[in-house]
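Here's a quick walk through the fold in front of you. We'll start with the overall layout, move on to one helix pair and the space beside it, and finish with a few single residues.

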Amino acid sequence: MEAGGGNTGREAHPFVENFARFGFAVKGLVYVIVAIFAGLAPIGVTSRPLGTSGALRVLLRNPAGFILLIIVAVGLTCFGRWQLLRAIADPEFAGRSWRGLFLRFTWICNAVINFGFVLIAVGLMIGIRRATSGNDDRSAQDWAAWTMPPRRTSSIPMTCRRCATPSSG
């Protein structure tokens, strides 16, 4: 892969090139998995189309799912790092114009999204390992509770508490 679309003569290091290709391949695999599950929804195999995190959950339920999920997590990490490299080092010479800065910003956003999917995959792997190490699903529930924001203890919203105080008079 030549940087800048081939007009500069500068080539990427073979490791970086293979790193990026592996990331692109895994990203494509994730899209294919999501598309298969979306195609199965109308014929009743799945109740509704699944997003990326739902597809990762279904993937984990398969016999080789844990290994596949590791491969997907590593691949998405590679893809995210490639997007960060594109944004920071600018090997494609997007430049510092408004258009170039916008492209680089979208590459950073893409990297953050992919790293988020990596965290989901790792969380699923940790949750399933904890759940299978014990006798019940309590470990998986604990993991899910740890990752979710705490719930409010009061049923009255914070902004309306002043309205709910008894008036003196």
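Helices here are DSSP runs of H or I with at least four residues, strands are runs of E with at least two, and both are numbered from the N terminus. By that count the protein chain has six helices and zero strands, and from the N terminus on the order reads α-α-α-α-α-α.

A word on ground rules: this is a predicted model, where local features need pLDDT of at least 70 and side-chain atom pairs count only at pLDDT 80 or more, while totals for chains, interfaces and linings use all residues. Residues are numbered from 1 along each chain as its sequence is written, and side-chain values use heavy atoms, with hydrogens and water left out.

**The chain as a whole**

How much of the chain is buried? "Buried" means under 20% relative accessible area, "exposed" means over 50%, and "partly exposed" is in between, using a 1.4 Å probe on protein chains only. On that scale, buried residues make up 30% of the 169 residues in the protein chain. As for contacts (heavy atoms within 4.5 Å), take those between residues at least 6 apart in sequence: 54% of them join residues at least 24 apart.

**H1 meets H2**

Two packed helices are described by the angle between their axes and the distance between the axes. The axes are lines fitted to C-alpha atoms, for helices over the stretch in contact, and angles run from 0 to 180 degrees between N-to-C directions. For H1 and H2, the axes come within 9 Å and cross at roughly 90°. That makes H1 roughly perpendicular to H2; the label covers 65 to 115 degrees, with under 35 counting as roughly parallel, over 145 as roughly antiparallel and the rest as oblique.

Which residues make the contact? H1 brings Val-30, Ile-33, Val-34 and Phe-37, and H2 brings Thr-52, Ala-55, Val-58 and Leu-59. For sorting these, Ala, Val, Leu, Ile, Met, Phe, Trp, Tyr, Cys and Pro count as nonpolar, Asp, Glu, Lys and Arg as charged, and the others, Gly among them, as polar. The H1–H2 contact then splits into seven nonpolar, one polar and no charged.

Seven of the 10 residues of H2 are buried, so H2 is largely enclosed by the rest of the structure. The buried ones are Thr-52, Gly-54, Ala-55, Leu-56, Val-58, Leu-59 and Leu-60.

Val-34, in helix H1, is worth a look on your screen. Leaving out residues up to four places away in sequence, Val-34 touches Leu-50, Gly-51, Thr-52 and Ala-55.

**The cavity**

A cavity is a set of points on a 1 Å grid over the protein atoms alone where a 1.4 Å probe fits but cannot get out, and its lining residues have an atom within 4 Å of a point. Grid points are joined across faces, edges and corners, and a volume is the space filled by probe spheres set on the points. The count comes to one cavity of 30 Å³ or more, and the largest cavity holds about 30 Å³ of space.

What lines the largest cavity? The lining is Val-30, Ile-33, Thr-52, Ala-55, Leu-56, Leu-59 and Val-72. Helix H1 (14-40) and helix H2 (52-61) are the elements that give two or more residues to it. H2 supplies the largest share, four residues. By type, the lining divides into six nonpolar, one polar and no charged.

**Single residues to click on**

Here are some places and accessibilities side by side.

| Residue | Place | Relative accessible area |
|---|---|---|
| Val-34 | helix H1 | 18%, buried |
| Gly-54 | helix H2 | 11%, buried |
| Asp-90 | loop between H3 (65-89) and H4 | 10%, buried |
| Phe-93 | loop between H3 and H4 | 42%, partly exposed |
| Gly-116 | helix H4 (98-133) | 29%, partly exposed |

Most residues other than glycine have a negative phi. Asp-90 has a positive phi of about 55° although it is not a glycine, and Phe-93 also has a positive phi of about 55°.

Some C-alpha distances round this off. Val-34 and Ser-53 are 19 residues apart along the chain, with 9.2 Å between their C-alpha atoms. For Gly-54 and Phe-37, 17 residues apart along the chain, the C-alpha separation is 9.3 Å. Gly-116 and Leu-76 are 40 residues apart in sequence and 9.5 Å apart in space, C-alpha to C-alpha.

Note on methods:
On a 1 Å grid over the protein atoms alone, a cavity is a set of points where a 1.4 Å probe fits but cannot get out, and a pocket is an open set with protein on both sides within 12 Å along at least five of seven lines; lining residues have an atom within 4 Å of a point.
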